[in-house]
Amino acid sequence: MQPIIIVLIILVVLVFIALIKTVQVIPQASAAIVERFGRYTRTLSAGLNIVVPFIDTIRNRIDLREQVVPFPPQPVITQDNLVVNIDTVIYYQVTDARAATYEVASYIQAIEQLTVTTLRNIIGGMDLERTLTSREEINAALRGVLDEATGKWGIRVNRVELKAIEPPTSIQDSMEKQMRADRDKRAAILTAEGIRQSQILTAEGEKQSSILRAEGDAKAAALRAEGEAQAIRTVFESIHAGDPDQKLLAYQYLQMLPKIAEGDANKLWIIPSELNDALKGLGGIVNIPGAPGNGNRDAATTPAPRRESPPFDKD
């Protein structure tokens with residue numbers, strides 16, 4: 001009985017192994033290559049798949065999701081014979097698992113080498129300045145070449161990015177000095193423009209202020225002259241309306257005499273001949289004895305000859 005039990009156990013184990021090999025579960029976004037006696041038979045897609053045990057074998061399992069592969073810095077020579085180190089990142093996706101398995105031995109290594117050679121060809125036709133400022137152009141050219149070459153491998157290159165472009169240290173120092181000089185130049189130009197604009201605005205403000213001040217002075221002078229003219233006109237009309245006599249005129253003469261004598265520069269002033277007539281009228285007002293125009297009729301009857309008063313020295 002013992003040998004029969006051992007045989008049964010072996011049969012159960014073989015059946016269990018056969019079942020395991022028969023049922024293949026493929027994860028989502030993955031594929032598996034099936035070979036029968038070393039020859040490609042089919043590609044298993046995601047889900048539950050049945051294969052012939054001990055006859056069909058799984059050659060390769062491939063991830064169909066988009067992959068990101070960074071490549072180490074590669075020295076590249078530009079058109080002006082300068083060595084720059086360029087880091088690249090490739091975004092690719094396997095679209096045909098069979099071609100990716102049988103058309104190329106290692107598609108990762110193949111993509112890397114193709115990227116390096118293509119990058120050297122592209123950068124070799126550019127100078128350093130254009131290389132530093134044409135990343136989009138380099139990315140587009142590199143992606144076009146890689147996508148065309150990897151299509152037969154069952155791989156699609158979605159994006160190619162240049163992580164960094166590092167020129168030599170001496171070139172970096174020169175570029176930094178040039179950038180600093182350009183910034184200093186732009187700062188000096190902006191400062192000069194600001195000072196110039198400030199001076200222009202100041203001059204314009206002073207001009208407008210002078211114009212407004214002159215207009216204000218002219219209007220003030222015109223208003224002042226108009227006011228004085230109106231005052232003179234009012235006084236003149238008042239005088240004519242009041243019909244002044246000789247006595248009022250004599251009183252006004254006496255009020256003006258102190259004003260005539262005001263000021264240190266007035267060394268000599270002339271008394272008009274009309275002052276005699278004014279004094280006569282004033283004498284009649286205050287009744288000064290012996291003065292012209294008082295109650296002494298005899299003196300008044302004999303008129304004195306009229307003459308001009310001599311100049312009167314103030315000192």
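**Salt bridges and nonpolar cores**

Glu 137 pairs with Arg 130 in a salt bridge, with 2.7 Å between the closest N and O atoms. The model examined here is a predicted one, and this pair makes a good place to start looking around it. Glu 137 is partly exposed, because its relative accessibility of 37% falls between the limits of 20% and 50%. Its partner, Arg 130, also counts as partly exposed, at 36% relative accessibility.

Side chains of opposite charge can pair when their charged atoms come close. In this model, the count of salt bridges comes to six. Another of these joins the side chains of Glu 161 and Arg 159, where the N to O distance is 2.5 Å. Here Glu 161 has a relative accessibility of 25% and so counts as partly exposed. Arg 159, at 45%, is likewise partly exposed.

A further salt bridge links Arg 196 to Glu 193, and its closest N and O atoms lie 3.8 Å apart. This distance satisfies the 4 Å cut-off, so the pair qualifies as a salt bridge. Both residues belong to helix H6, which covers residues 169–242. Arg 196 and Glu 193 are three residues apart there, about one turn of the helix. Arg 196 is partly exposed at 47% relative accessibility, and Glu 193 is partly exposed with a relative accessible area of 42%.

From these charged pairs, attention can turn to the nonpolar residues. In soluble globular proteins, nonpolar side chains tend to be buried together. The largest nonpolar core of this model contains 33 residues, and Ile 86, Ile 90, Tyr 92 and Leu 119 have the most contacts inside it. Several elements each give two or more residues to this core. The strands among them are E2 (30–36), E6 (67–77), E7 (83–94) and E8 (155–166). The helices are H2 (97–102), H3 (107–124) and H5 (135–150). H3 supplies the largest share of the core, with seven residues.

Ile 86 offers a helpful view of these surroundings. With neighbours within four places in sequence left aside, Ile 86 is in contact with Pro 72, Pro 73, Gln 74 and Val 76, among others. Its contacts also include Leu 119, Ile 123, Leu 162, Ala 164 and Ile 165. Apart from the largest core lies another one, made of five residues. Ile 26, Ala 32, Leu 44 and Val 51 are among the residues of that second core.

How values were computed:
Residues are numbered from 1 along each chain as its sequence is written. This is a predicted model: local features need pLDDT of at least 70, side-chain atom pairs count only at pLDDT 80 or more; totals for chains, interfaces and linings use all residues. Side-chain values use heavy atoms; hydrogens and water are left out. Buried means under 20% relative accessible area, exposed over 50%, partly exposed in between (1.4 Å probe, protein chains only). Helices (H or I, at least four residues) and strands (E, at least two) are DSSP runs, numbered from the N terminus. A nonpolar core is a set of buried Ala, Val, Leu, Ile, Met, Phe, Trp, Tyr and Cys residues joined through side-chain atoms within 4.5 Å. Contact means heavy atoms within 4.5 Å.
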